[in-house]
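Me: I would like a close look at a single part of this protein, namely its largest nonpolar core, set in the context of the whole fold and of how far the model can be trusted. Please take the surroundings into account as well, including the charged pairs and the surface.

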Amino acid sequence: MDDELNVTYITLYGYVEMGKYRYLVFVIMFTAYILAICFNITIVTLIWKHKNLHEPMYIFIAALLLNSVFFSTALYPKFFIDILSEKQVISYSACLVQFLLYYSLSASEFLLLSAMAYDRFASICKPLQYTTIMRKDTVSILLVLAWLVPACLTAVPVILSADMKLCNFTLQGVFCNNAVYNLACASSTVRSIYGVVALLCNALLPLLFILFTYTRILIISYKSSREVRTKAAQTCLPHLLVLISFSCFCAYDVIIVRLGSDFPSNVRLIMSLQAVLYHPLFNPIIYGLKMKEISKQLKRLFC
């Protein structure tokens with residue numbers, strides 16, 4: 001606690017002693033960040049440039065990749081500073097901002113994947129009504145809600161925690177996630193209940209909706225022609241791979257961090273870096289390789 005500036009600082013207890021490997025880790029992370037930005041922006045630019053990709057499915061993919069860019073940019077700069085610092089600290093106010101960005105952008109990913117699932121459901125299960133269902137206005141509304149709703153839902157616990165009295169100034173992690181609640185002197189029933197409601201709205205309900213729509217797609221595709229089954233596999237498989245990957249990281253955050261399991265710091269660091277390093281790189285690679293039209297435009301660009 002800095003009494004003169006009235007700023008509360010939190011120590012991040014999640015980094016292992018890197019010693020002489022500190023700069024090597026920095027180079028690896030910085031390279032991964034640059035690659036993630038380049039990969040995502042390249043595909044977004046291709047979708048924006050080519051009119052044949054101005055369809056709801058590709059617009060949602062572009063939004064998902066932009067979300068990955070925002071997510072990486074929200075977390076990476078602090079990682080770079082911490083890796084090069086002997087002591088990893090963050091002010092409590094900055095910690096809450098990081099908490100807001102981390103969870104709102106994570107929830108936006110679930111909602112964007114839900115919008116993709118709805119789009120694929122309309123395309124495969126109701127092809128004659130597709131243009132009526134997925135109009136430009138509908139796509140715009142879904143995109144706005146995908147970013148606005150999580151931001152509003154996540155802002156509430158941030159506001160409730162702004163004046164929270166702290167008795168612990170060591171955070172078990174490498175960035176500010178749900179472990180920030182363990183800093184409080186006393187647990188809050190209101191925050192706990194709201195946290196469950198926010199988790200239900202931001203993650204569980206979208207996940208159930210995605211599973212329901214893909215189950216319907218699977219049933220209808222199985223009863224349809226081989227052409228329909230091929231179309232369903234080509235367009236739905238990348239979304240499912242991204243969903244499974246991201247759901248695993250979210251499950252780790254909720255189960256391990258929320259329940260306060262006593263995990264070694266090196267395990268926490270590896271899992272945290274997986275979410276920050278792996279996922280923003282995984283999305284553009286999957287969509288670039290598995291989506292036929294995007295893959296075609298990438299080959300034209302580089303070959």
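Reply: Read from the N terminus onward, the elements of this predicted model follow the order β-α-α-β-α-α-α-β-α-α-α-α, which amounts to 9 helices and 3 strands. Of the 303 residues in the protein, 47% are buried, and among contacts between residues at least 6 apart in sequence, 81% join residues at least 24 apart.

Before turning to the core, the confidence of the prediction deserves a word. The mean pLDDT of the protein is 81, and 88% of the residues score at least 70. Confidence is highest in helix α5 (residues 136–161), with a mean of 91, and lowest in strand β1 (residues 9–12), with a mean of 72. Residues 1–5 have a pLDDT below 50, and in the model this stretch makes 4 contacts beyond its near neighbours in sequence.

The largest nonpolar core has 45 residues, and the members that touch the most other members are I47, Y58, I61, L113, I217, Y287 and I294. Helix α3 (residues 92–125) supplies the largest share of this core, namely 10 residues. Y287 offers a useful view of the surroundings, since leaving aside residues up to four places away in sequence, its contacts are I61, L64, L65, L113, M116, P238, H239, V242 and I294. Three of these partners, I61, L113 and I294, appear with Y287 itself in the list of core members that touch the most others. Apart from this core there is another, of 35 residues, which includes I10, Y33, F80 and C95.

The charged pairs can be set beside this nonpolar interior, and the structure holds 3 salt bridges. In one of them, the side chains of K78 and D82 meet with an N to O distance of 2.5 Å; because K78 and D82 lie 4 residues apart in helix α2 (residues 56–83), about one helical turn separates them. Both K78 and D82 are buried. R120 pairs with D119, with the closest N and O atoms 2.8 Å apart, and here too R120 and D119 are both buried. The remaining pair is K296 with E293, whose closest N and O atoms are 3.5 Å apart; since K296 and E293 are 3 residues apart in helix α9 (residues 292–302), they too are separated by about one helical turn. K296 counts as partly exposed because its relative accessibility is 35%, and E293 likewise counts as partly exposed, at 23%, both values falling between the 20% limit for buried and the 50% limit for exposed residues.

At the surface, the protein exposes about 16000 Å², of which carbon and sulfur atoms supply 67%. A nonpolar patch of about 510 Å² is formed there by L199, L200, L204, L205, L208 and L211. Of these residues, L200 belongs to helix α6 (residues 189–223), and because its relative accessible area is 40%, L200 is partly exposed.

Notes. Residues numbered from 1 in each chain as written. Predicted model: local features only at pLDDT ≥ 70, side-chain atom pairs only at ≥ 80, totals over all residues. Heavy atoms only, no water. Patch = residues over 30% accessible without salt bridge, like charges linked within 9 Å, V, L, I, M, F, W, Y side chains within 5 Å. Areas by Shrake-Rupley, 256 points an atom, 1.4 Å probe, with all protein chains shown as cover. Salt bridge = Lys/Arg side-chain N within 4 Å of Asp/Glu carboxyl O. Helix = DSSP H or I, 4+ residues; strand = E, 2+ residues; numbered from the N terminus. Buried < 20%, exposed > 50% of the residue type's maximum accessible area, 1.4 Å probe, protein only. pLDDT = per-residue confidence, 0-100. Contact = heavy atoms within 4.5 Å. Core = buried A, V, L, I, M, F, W, Y, C linked by side-chain atoms within 4.5 Å.
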